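Student: Could you take me through one part of this structure closely? I would like to see the strands and how they are set within the whole chain.

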Amino acid sequence: MAKQQHPWWKESVVYQIYPRSFQDSNGDGIGDLEGIRSRLDYLVRLGVNVIWLSPVYRSPNDDNGYDISDYRAIMDEFGTMADFDALLRDAHAKGLRIVMDLVVNHTSDEHPWFVESRSSRDNDKRDFYIWREGKNGGPPTNWGSCFSGSAWEWDPKTEMYYLHFFSKKQPDLNWENPRVREEVYDLMTWWCEKGIDGFRMDVISMISKPDRYEDAPVYGGLYGSSSVTCNGPRVHTYLREMNQRVLSKYDIMTVGETAGVTLDEAKKYAAADGSELNMVFQFEHVDLDFGPGGKWYRDPMSLPALKANLSKWQNGLDGVAWNSLFFCNHDQPRIVSRLGDNSPASAKCIATMLHFMQGTPYVYQGEELGMTNCPFGPIENYRDIESLNAYRELTESGLRQPEELLSCIACKSRDNARTPMQWDASPNAGFTSGTPWIMVNPNYKTLNAAAQVEDPDSVFSYYRTLIALRRSSPWSRLIVYGHYALLAPEDPEIFAYTRELDGERLLVVCNLSPKARCFDLPEALSWKESEVVLSNQEPPALGRTLDLPPWQAAVWAIH
């Protein structure tokens with residue numbers, strides 16, 4: 001398929017749905033496909049035009065669907081393939097595209113391939129996965145799983161270790177084996193022929209393992225860093241092959257989750273020549289509040305550091321590759337609690353700062369309402385395997401004190417993103433008539449969709465405006481394709497930048513603090529006329545000095 005200069009995915013806004021927590025239609029406490037289908041008009045009203053579905057395939061749910069046992073079947077809790085077909089049909093009829101989550105770094109240990117692989121050393125599918133002899137009475141290397149513990153699991157039946165960089169029920173596939181790649185391309189083709197509109201590719205930067213299996217550095221934990229497998233020696237070879245065999249044959253959107261990606265690597269993954277993927281998720285900006293020991297430590301997120309990082313990617317990929325714009329997803333705590341103060345004003349300010357950048361924006365379910373982190377309380381209220389494993393390992397080893405670690409988990413746990421969607425003030429936020437699989441955030445009685453969709457001053461209405469400006473306004477082309485330039489890089493509270501294209505300019509100024517600020521625009525920035533494009537409060541007069549209330553965001557077209 002010929003490469004398009006202005007493909008639809010560059011001009012789209014994506015909405016991520018975590019099906020387990022979006023809408024339950026049958027009262028079992030778990031969201032499902034029919035529930036999603038019943039809420040499509042809400043997404044149409046919001047203005048997004050692409051839905052990314054977290055995995056809906058058959059799964060034992062050790063990692064909430066990211067452990068797949070059948071790529072061509074639907075998880076029983078979510079419904080049937082007929083339900084999926086109805087969702088796809090209705091979404092397309094309403095102008096919404098559907099992007100599937102492709103999880104092919106690993107499978108479930110209940111997938112038939114792995115059942116065969118572990119059955120004997122000489123099984124036909126033994127080398128579908130990565131098996132190694134132990135070393136010195138222990139695992140082959142010191143590599144750690146992303147979910148705590150060793151990345152190697154001893155299998156007593158065949159007396160070897162298999163590799164799993166996530167749960168021990170998620171064995172890594174052996175991409176060195178061409179038969180594995182053939183199977184993956186076949187299942188991808190199967191879904192494309194069904195009519196889906198693309199793939200978000202889970203941890204795709206990890207599919208090519210190192211040439212040498214050696215111990216990795218240990219950073220404040222018990223095991224060697226799992227980053228040893230990021231951006232491996234043949235990852236681009238595999239993705240170019242995938243592109244030739246499948247992706248290039250369809251008009252679809254592809255985005256790779258690329259842990260450990262550098263700017264130079266991203267230029268290969270998302271090259272403008274279309275040889276691999278359309279864009280990648282990089283995580284440098286959402287890792288800025290990690291402490292010296294990683295995720296389960298807290299450092300404040302420095303705004304100058306955030307500006308420097310986002311600007312590096314904006315400028316580095318301009319004209320070379322394409323950016324993904326996001327703060328929230330199923331693996332990240334709520335940004336309004338992380339960078340803001342949980343207020344509607346801070347939610348709008350953060351959204352403005354992100355949505356006027358170059359790239360494709362992603363809205364995670366509830367972000368458009370300003371949904372916040374959840375006060376879970378004791379560890380027993382958490383459901384996330386990553387959080388639970390980290391708590392057990394770090395407290396039992398004596399590396400962390402329970403109370404101090406629990407305060408970090410409260411801020412960083414993935415469960416903050418997975419509480420049920422807050423639809424209205426009825427019991428369980430309108431998510432289910434049964435018992436929710438995870439607790440509902442108690443602020444749902446005031447923070448919910450029903451209270452916001454008709455309110456012109458709500459976070460929802462503000463997101464509608466942001467999305468409409470990008471998709472159908474006089475400034476759409478400038479917002480999507482314009483060149484980015486950061487202003488005042490060292491200011492600790494103001495994020496200001498310009499966008500410019502074909503003689504048109506936008507000025508974006510965001511006071512990302514809970515206090516009023518005066519901000520002096522640089523002398524080099526000049527204009528004769530200006531027009532307010534958007535403001536989350538009464539817009540200040542545009543002059544050399546701006547008086548900005550707390551969490552003020554304003555955008556001007558300047559001429």
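Student: To set the scene, what area does the chain expose, and what percentage of it do carbon and sulfur atoms supply?

Tutor: Happy to help, and please keep in mind that this is a predicted model. The chain exposes about 20600 Å², and 49% of that area is supplied by carbon and sulfur atoms. Burial gives the other half of the picture: 62% of the 559 residues count as buried. For overall dimensions, the C-alpha atoms fill a box of roughly 75 × 55 × 45 Å along the principal axes. The radius of gyration is 23 Å, which agrees with the value near 24 Å for a compact globule of 559 residues. Contacts tell you about the chain's path too: among those with a separation of 6 or more, 70% are between residues 24 or more positions apart.

Now to the strands. The chain has 15 helices and 20 strands, and eight of the strands form an open sheet with parallel pairing. Reading across that sheet, the order is β11-β10-β9-β5-β2-β1-β13-β12. At its edges stand β11 (279-281) and β12 (324-325); each has a single partner strand, so one side of each is left without a neighbour in the sheet. As a reminder, strands of a sheet pair through backbone hydrogen bonds, either parallel or antiparallel. For a close look at one pairing, take β1 (residues 14-17) and β2 (residues 50-53), which run parallel and are joined by four bridges. Within this pair, Y15 stands opposite I51 in β2.

From β9, another strand of the sheet, you can follow the chain towards the surface. The loop between β9 (198-201) and α6 (235-245) holds Y223. This tyrosine counts as partly exposed because its relative accessibility is 33%. Together with L222 and L399, Y223 makes a nonpolar surface patch of about 250 Å².

For a buried counterpart, go to strand β15 (residues 494-501), where T498 lies. T498 counts as buried because its relative accessibility is 8%, below the 20% cut-off. Beyond its neighbours within four places in sequence, T498 is in contact with H483, Y484, A485, L487, L506, L507 and L525. If you want a distance to check in your viewer, the C-alpha atoms of T498 and G366 are separated by 28 Å, and the two residues are 132 residues apart along the chain.

Notes
Residues are numbered from 1 along each chain as its sequence is written. This is a predicted model: local features need pLDDT of at least 70, side-chain atom pairs count only at pLDDT 80 or more; totals for chains, interfaces and linings use all residues. Side-chain values use heavy atoms; hydrogens and water are left out. Patches are made of residues with over 30% relative accessible area and no salt bridge: like charges are joined within 9 Å, nonpolar side chains (Val, Leu, Ile, Met, Phe, Trp, Tyr) within 5 Å. Accessible areas come from the Shrake-Rupley method with a 1.4 Å probe; for residues, only the protein chains shown count as cover. A salt bridge is a side-chain nitrogen of Lys or Arg within 4 Å of a carboxyl oxygen of Asp or Glu. Helices (H or I, at least four residues) and strands (E, at least two) are DSSP runs, numbered from the N terminus. Buried means under 20% relative accessible area, exposed over 50%, partly exposed in between (1.4 Å probe, protein chains only). The radius of gyration is taken over C-alpha atoms; the globule rule is 2.2 Å times the number of residues to the power 0.38. Contact means heavy atoms within 4.5 Å. Two strands pair if DSSP finds at least two bridges between them.
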